[in-house]
Amino acid sequence: MSEHHFIVSSSPHVRQNTSIQRVMFGVVIALVPAVVGSVYFYGLRALLLILLSCLAALITEGLIQRARGVPVTIGDGSALVTGILLAFNVPPGVPWWMPVVGSVFAIAIGKQVFGGVGYNPLNPALLGRAFLLASWPVQMTTAWIPSRGGTLSGISLEGVDVVTQATPLAVMRKVTEIIADPNSTTHQIVQAREVLAELSSSESIANLFTGQVGGCIGETSAVLLLIGASYLMFKHYIEWRIPGTYMATVAVLTWVFGGPSGLFTGNALFHILAGGLILGAFYMATDMVTSPVSPKGMIIFGVGCGVLTSIIRLVGGYPEGVSYSILLMNVATPLIDRHTRPKKFGEVGKSG
Amino acid sequence: MVKVGDEVKVGSVIGEASGFVSVPVHASISGKVTAVGRFPHPLGGEQQAVVIEGDGEDVWHESVQPRANADSLTPKDIVDIVRDAGIVGLGGAAFPTHVKLSPPDSKPIDTVILNGAECEPWLTADHRLMLERPGEVLEGLRLIMRALGCERGFVGIESNKPDAVAAMKAAVPQGAGIRVVMLQVKYPQGAEKQLIDALARRQVPAGGLPMDVGVVVQNVGTALAVYEAVVKGVPLIRRVVTITGTPVESPTNFMPRIGTPVKSLVEQAGGFKDDVSKVVSGGPMMGMTQFTTDVPVIKGTSGMLFLGPSDIDTRPPDPCIRCGHCVHACPMKLLPTTIEKYVMVEDIERAVEIGLNDCIECGSCAYVCPSHRRLVHQFKFGKYLAWELKKKADAAEKEKSN
């Protein structure tokens, strides 16, 4: 052995065997069940869109890094996660180039402009989705495909003429509007109430849970997303605070204010399972880079997302509000972090 | 104190204390002084040292005599003996023990905690000591309690050492006011402030000392040294040292004399069977790397850890992804990632404001960081900058008042 070539460095001298790559591929593994589910529900078309989206994300990241003259790190898995999540957030019937454009935007403008992994203030995938929604609103809100063995809305709308074919959240929104509208005819209101009862039935809830409904590629099956989320929790890559407070806030607000027949008549379970809440709460609001680091900050972040989502769903212009809520709270993250510094060990006097 | 050619015996004073927060050094073997000069030191660089060539006789100095009257000593007597015996904290920081035993009157001490939690992984020195010398360790604790005039003593041992817990429990004398407590296995359980929190349920205020909450913490090795000094009259000339690590042929705990070259302990442990990349004085989380094995065992050497190429992680740091794992890991409840960012832009005032100086450098944050960021390195650097700033501010203050 060479006596005089010992490495001299600062402590600690051992490290946990972990890396950005490990964390990111953990997220990819967690997303696999939902990917498989999307192919089952919407056919090979879903797989094609996911692959194109990932490919676009990886190539964009690599090209920009090369142009910037920094090490190419497309192997760290972060662009892959963005690619999958972006595809998960578009309807299965959109043209093939749309997720590609979304991914390019997400990586180029959402991430690399700020300096790459770790420096982006907003969740890149959600920013990409917002860009697509603003640019091609029609495709992004109508290119739905009924899931295999199910319907688009999760219930049968035969013989009902008050609503057209739409996703569960859109149907819910429509019938709630009809019931609240003084100009609705009695026939319309009767039909709307029937549909509402249908939506709240255990059969409809079960469809939302398994994913037998229409929606964005990766958001429909609550059970498959939850399987992946429990893996992430088990690996300590995410923890309960953000998704827990997010969903609890949505549950309480939609129960209190979401019903057509006054306060405390809303269906909280429907609102948790429908749309992109599960996907958003467990996979996108928990994005490490763009959410607070302190425990108290995470709770504020989760509650904030929940309040915004509920407001958008119940009174805003869109049937769904998960992605905008998270983006808005991303913007607030530095502010939240600054004001939620944990109390130091042994800190006394005024609370920190 | 001594010059080349002097004959010394075991226990001869070879270095005198220069102030209140320092202690004398004693010859640990008998023989002839062959050199006085600067030699490599485990805390970095070179320090003044005395080289003694042993005569193999092990002749003890006449002052080393057992005390028959140990039971009738006053607290002041005990503190004086501890100081003159050159005793320092043997957990690693090597803070003079008599200072801890002389709290100001305004800070009465009601609890003594004996730290058997073994500060770091790999090191087993305290564990062995509790198994092999439980009675003497506890006698040492009783002497410390007497010196401080307090009635309550705890021995905190992590639950992964049930044999040590059993041995210590069996050795506790009736009515001594001493409780042996099993602690959760959790790094850094052996850190002073965390230990006080776990045992006495008191939080030392940020920037404060254990005595602020009426507690004194001592390492089990220190307790043994106190016993040996007070009862047997032996100054601090030896300690338990763990020689360990994957490249070491047979990892062993030794009780060498202070000043023994680390190299010869390694030979005793069978030498190396593999390449050595890093030599660490202390444990893997907080220890200091050495550039040579020509360093001696000093009073604060709890162990020498040798790490092979496969033990160390030289991956370069990646950008922080704000995962918050460091925040979870920090036992002082700080925000390591945020402090690091302030240090890196040299906004030291902000860094200090959010707790830079409260960092105990335990290494937990850097251990868990998926981006392999050099958090502790930055904090040490930041603390140095903070210290410089303070010095400058103090100087400016002085200037003004003149």
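1. With 12 C-beta neighbours inside 10 Å, B:Asp58 counts as exposed. The model under discussion is a predicted one. In this model B:Asp58 has a positive phi of about 55 degrees, although the residue is not a glycine. B:Asp58 belongs to the loop that runs between S5 and helix H1 (75-84) of chain B.

2. A second non-glycine residue with a positive phi is B:Glu361, where the angle is about 60 degrees. Is B:Glu361 buried or exposed? B:Glu361 is buried, because 20 other C-beta atoms lie within 10 Å, and the cut-off for a buried residue is 20 or more. The loop that holds B:Glu361 connects helix H11 (348-353) with H12 of chain B.

3. Two cis peptide bonds deserve inspection in the model, one in chain A and one in chain B. In chain A, the bond joins A:Ser11 and A:Pro12, with omega of about -5 degrees. A:Pro12 lies in the segment that precedes helix H1 (20-42) of chain A. In chain B, the cis bond joins B:Tyr187 and B:Pro188, and omega is about -5 degrees. B:Pro188 is placed in the loop between S8 and helix H6 (192-200) of chain B.

4. The overall division of chain B is as follows. The chain is split into domain 1 (7-54), domain 2 (70-231), domain 3 (241-307) and domain 4 (325-401). Taken over C-alpha atoms, the centres of domain 3 of chain B and domain 4 of chain B are separated by 30 Å.

5. The contact between the chains involves 54 residues of chain B and 34 residues of chain A. Which elements of chain B each supply at least two residues of the side that touches chain A? They are strand S12 (278-281), strand S13 (288-290), helix H12 (364-368) and helix H13 (375-401) of chain B. By class, this side of chain B has 28 nonpolar, 14 polar and 12 charged residues.

6. Strand S4 (residues 31-40) and strand S5 (residues 46-54) of chain B run antiparallel and are joined by 9 bridges. Within this pair, B:Ala35 stands opposite B:Val51 in S5(B). S4(B) and S5(B) form a hairpin with 5 residues between them. In the turn, B:Gly44 has a positive phi of about 105 degrees.

7. Chain B contains an open sheet of 4 strands in the order S8-S7-S6-S9, with parallel pairing. Its edge strands are strand S8 (178-183) and strand S9 (215-219) of chain B, each of which pairs on one side only. From one strand to the next, the twist averages 25 degrees. Strand S7 (residues 152-158) of chain B is joined to S8(B) by 6 bridges, and the two run parallel. B:Gly156 stands opposite B:Val181 in S8(B). Helix H7 (residues 220-231) of chain B packs on the sheet and touches strand S6 (111-116) and S9 of chain B. The direction of H7 makes about 85 degrees with that of S9(B).

8. Another open sheet of chain B has 5 strands in the order S11-S10-S14-S12-S13, with mixed pairing. Why is one side of strand S11 (252-254) and of S13 of chain B left without a neighbour in the sheet? Both strands stand at the edges and have a single partner strand each, so one side of each has no neighbour there. Direction ignored, neighbouring strands of this sheet are turned by 25 degrees against each other on average. Strand S10 (residues 241-244) of chain B pairs with S11(B) in the antiparallel sense over 3 bridges. B:Ile243 has B:Thr252 as its bridge partner in S11(B).

9. In chain A, helix H5 (residues 124-135) offers a check of length. At 1.5 Å a residue, its 12 residues should span 16 Å, and the end C-alpha atoms are 16 Å apart, which agrees. The buried residues of H5(A) are A:Pro124, A:Ala125, A:Leu126, A:Leu127, A:Gly128, A:Arg129, A:Ala130 and A:Leu132. These buried residues pack against helix H3 (78-88), helix H4 (97-108), helix H6 (137-142), helix H13 (277-284) and helix H15 (322-339) of chain A.

How values were computed
Residues numbered from 1 in each chain as written. Chains lettered and ligands numbered in written order. Predicted model: local features only at pLDDT ≥ 70, side-chain atom pairs only at ≥ 80, totals over all residues. Domains from an automatic or database assignment. Contact = placed C-beta atoms within 7 Å. Nonpolar A, V, L, I, M, F, W, Y, C, P; charged D, E, K, R; others polar. Pairing = 2+ DSSP bridges. Axes fitted to C-alpha atoms, helices over the stretch in contact; angles between N-to-C directions. Expected span 1.5 Å × (residues − 1).
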